[in-house]
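Work through the exercises below with the model open. Each task is followed by a solution in steps.

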Amino acid sequence: MKKLIANILGYLLLLIFGKTALKQFDKQVLSIYFHDPSLVLFKGIIGFLFSKGFRFISEEEYFQIINGEKDVKGRTAFISFDDGWKGNLKLIPILEKYQIPATFFIPVRPVITGNFWWEYAAKVVEENQQFKSVEEVKKLPNDSRMQLIRGAAARYDLKRSCIELSELKRLSENPFITIGSHTYHHPITIKCSDEELDFEYRESKKTLEEWLSVEINSFSFPNGDYNQRDLDLLKKYNYKMAFTVNPELNSNFISEFQIPRVSINSNGGKYENIARMLRVWHKFVQPLQQKQALLFNPKLSGS
């Protein structure tokens, strides 16, 4: 029911504000990213963008635009995927059919083990009354969180959810696909020690380059968290660009290490996500959701 209501709300927002919202992308790139969308949702988003005259650009062309080497000409979109979900493989024929370039940001360790740490964190929450949600596990220092995850991984045999190395190599060989780093373990970087964080940036780039025999130039921040340490390490290890989960556009300047992106909700409907893409959802719905959260969770106020 919530999904239906959100989709109806998105449809109404687009009826009222859609034409105006589209105008902002006449001179700015629409940057969106997916996790594990259904084929139906992915087709719906791509179909909408084509119907509104968007042209899809590669990571390389986006870098040239950010550096001022190229101008944005007409409605332009950049697509990326975070994590390397196995379900992403069913979307590749769509990218190939319509010749859509995309970047896949891959964390190294899940490719080796087959699963993401938060899948085991869900088991930790089930077992341990100390944690009410995976979000609470995220707040732990990195070494404490990893100790819990290693314990759960030893107890549970989960169905593989991340792509395999052979599949990653095939993605990398695809002319429409670029591979970027998403750290080694997909940690919450602001919870890492300096030594742990250095490893995540250094070894993820090194391992991906050794596996794929390509240069890794781009990075996306796991969980959207980062601070000055992260920005310094991007420069130290010669990354050229990094992507946030911040949907806000700055019409005057976009840093190559803080590129905005809009998240596509894998569990949401087509119209909700289009409203998110065009930023009308963030403008009108999210403030109401935040007020509701403060109303029912007053301890959040002033935090």
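**Exercise 1.** Determine which residues of strand β3 are buried on each of its two faces.

*Solution.* The model is a predicted one.
Step 1. In a regular strand, side chains point alternately to one face of the sheet and the other.
Step 2. One side of β3 carries Thr-76, Phe-78, Ser-80 and Asp-82; the other carries Ala-77, Ile-79 and Phe-81.
Step 3. Buried requires under 20% relative accessible area, and the residues on both sides are all buried, which leaves both faces of β3 covered.
Step 4. Because seven of the seven residues in 76–82 are buried, β3 is largely enclosed by the rest of the structure.

**Exercise 2.** Find the strands that pair with β3 and give the sense and the number of bridges in each case.

*Solution.*
Step 1. Strand β1 (residues 29–34) runs parallel to β3, with six bridges. Ile-32 has Ile-79 of β3 as its bridge partner.
Step 2. Strand β2 (residues 55–56) also pairs with β3 in the parallel sense, over two bridges. Here Arg-55 is bridged to Thr-76 in β3.
Step 3. With strand β4 (residues 102–106), β3 forms three bridges, again in the parallel sense. Phe-81 is opposite Phe-104 of β4.

**Exercise 3.** Assign the handedness of the crossovers that enter and leave β3.

*Solution.*
Step 1. From β2 the chain passes through helix α3 (residues 59–66) to reach β3; this β-α-β crossover is right-handed.
Step 2. The β-α-β unit made of β3, helix α4 (residues 92–97) and β4 is right-handed.

Key. Residues numbered from 1 in each chain as written. Predicted model: local features only at pLDDT ≥ 70, side-chain atom pairs only at ≥ 80, totals over all residues. Heavy atoms only, no water. Buried < 20%, exposed > 50% of the residue type's maximum accessible area, 1.4 Å probe, protein only. Helix = DSSP H or I, 4+ residues; strand = E, 2+ residues; numbered from the N terminus. Pairing = 2+ DSSP bridges. Right-handed = clockwise from strand over helix to strand, strands pointing away.
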